[in-house]
Amino acid sequence: MKAVVLAGGLGTRLRPLTLNTPKPIVPIFDRPFLYQQIDLLRKLPDIDEIILSLNYQPEAIERVVGDGSTLGIPIRHIVEPTPLGTGGAIKYACRNIKGTVVIFNGDVLTDTDLQAVVELHRKRSAYATIVLTPVDNPWAYGLVETDGRCNVTRFLEKPNPDEVTCDTINAGIYVLETDTFDRIPDDTNWSVERQFFPSLVDRNETFVAHVNRGYWLDIGTPEKYIQAHRDIMTGRCQAYPFFDRHARDSLVAPDATVSSKAKLEAPCFVSSGARIEAGARISAHTVIGQGCVVGADAVIDAGILWPGATVGHGAVLTDAILGHGVRIDAHARIGPGTVIGDRSVITRYSRLS
């Protein structure tokens, strides 16, 4: 059985971080985000290959992920000739594939039991199975209604509060039969959510839902990207690098250099080759990327530093994200919500918020 990861999105909500780094390979701690999904797919014993459906900066993704030889599963890269939408991308990636495929949106962090999803699909001899997840504010999303036997009955786009009939939304994970793809036009921008799935409902074909009540997060905004790190650090999401929710330890790479006069508050993460100088303070929920430097007396309060970033003497960073190679000079103050793109320089005593 094949798995397809839809990894062709532009990542516009995460700009400027995704101008040089496609969303599927933005770092989560010290690994590309895509590796979290590969970890989950590898747990399925029937999966013998993962296909990455690419469009935006495919060479960058291919360079990082390779053929999967270091990840324990064969990986093939397929580049859309033009943006084909989710449905078109699935059909294009599944050319010459027969039978059942698992589809995974490229921006979802989850602990969904994929084996249970596949078993439901097979038990019901379904044309399609969709994973749903409950949300607290259903009126902000497109909802998916089901009946008592888990059959999908209706898709409801962003209803008014008085129209809400359920709390389950599309989680971006599907099990599909490739012989249904003939209804998707070739080389055409087509939506699996708005066109393919409604066709199954309209034809009364067996289309079932698995409701995942575990962890699920779309990492597509800076706020959600930060939340993903915090959820892993606090143990709310059980994913690499697997923090102990009870011990609340910090994870510090063996070759990182941390001054005995620096203060680290757990849980935080310090990657390989990083250096933290005397008097620096690193608060809980901070991520210091590979090769980063935090100068003397600097304060990093719940920030995320991508590889190669430097924070100068006495600078203060609060709830912000620094891209690759960003340089924050001495005594600058970077306030909550700030996202700074790759290789930017913030000069001494500057203030950003």
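Ala, Val, Leu, Ile, Met, Phe, Trp, Tyr, Cys and Pro count here as nonpolar, Asp, Glu, Lys and Arg as charged, and the others, Gly among them, as polar. The model on screen is predicted.

**Stop 1: the largest cavity.** Select Pro27, Phe29, Tyr225, His229, Val287, Gly289, Ile304, Leu305, Trp306 and Pro307, which line the largest cavity. Its volume is about 40 Å³. By the class scheme above, the lining divides into eight nonpolar, two polar and no charged residues. Helix H6 (222-233) and strand S23 (304-305) each supply at least two residues of this lining.

**Stop 2: the open sheet.** S23 also belongs to an open sheet of six strands, in the order S14-S17-S20-S23-S26-S29, with parallel pairing. Colour strand S14 (251-252) and strand S29 (339-340) to mark the edges; each of these pairs on one side only. At the S29 end, strand S26 (residues 321-322) and S29 pair in the parallel sense over two bridges. To find one of the partners, select Ile321 and look across to Val339 in S29.

**Stop 3: the largest nonpolar core.** Next select Ile38, Ile50, Leu52, Val65 and Val102, which touch the most other members of this 37-residue core. Two or more residues each come from S1, helix H1 (34-42), S4, helix H2 (58-65), S6, helix H4 (114-123) and S11. H1 gives the largest share, five residues. Centre the view on Val65: leaving out residues up to four places away in sequence, Val65 touches Ile25, Leu34, Tyr35, Ile38, Leu52, Leu71, Ile75 and His77. A second, separate core has 29 residues, including Ile51, Ile90, Val101 and Phe196.

**Stop 4: helix H3.** Ile90 leads to H3, where Gly87, Gly88, Ala89, Ile90, Lys91, Tyr92 and Ala93 are buried. Why is helix H3 (residues 85-93) described as largely enclosed by the rest of the structure? Seven of its nine residues are buried, so the remainder of the structure encloses most of the helix. To see the cover over these buried residues, show strand S1 (2-6), strand S4 (49-54), strand S5 (75-79), strand S6 (100-105), strand S11 (168-177) and helix H5 (192-202), which are among the covering elements.

**Stop 5: the second largest pocket.** From Lys91, move to the second largest pocket, with a volume of about 240 Å³. Of the 16 residues that line this pocket, Lys91, Cys94, Arg95, Asn96 and Phe181 are the closest to its centre. The lining divides into six nonpolar, four polar and six charged residues.

Conventions:
Residues are numbered from 1 along each chain as its sequence is written. This is a predicted model: local features need pLDDT of at least 70, side-chain atom pairs count only at pLDDT 80 or more; totals for chains, interfaces and linings use all residues. Side-chain values use heavy atoms; hydrogens and water are left out. Buried means under 20% relative accessible area, exposed over 50%, partly exposed in between (1.4 Å probe, protein chains only). Helices (H or I, at least four residues) and strands (E, at least two) are DSSP runs, numbered from the N terminus. Contact means heavy atoms within 4.5 Å. A nonpolar core is a set of buried Ala, Val, Leu, Ile, Met, Phe, Trp, Tyr and Cys residues joined through side-chain atoms within 4.5 Å. On a 1 Å grid over the protein atoms alone, a cavity is a set of points where a 1.4 Å probe fits but cannot get out, and a pocket is an open set with protein on both sides within 12 Å along at least five of seven lines; lining residues have an atom within 4 Å of a point. Grid points are joined across faces, edges and corners, and a volume is the space filled by probe spheres set on the points. Two strands pair if DSSP finds at least two bridges between them.
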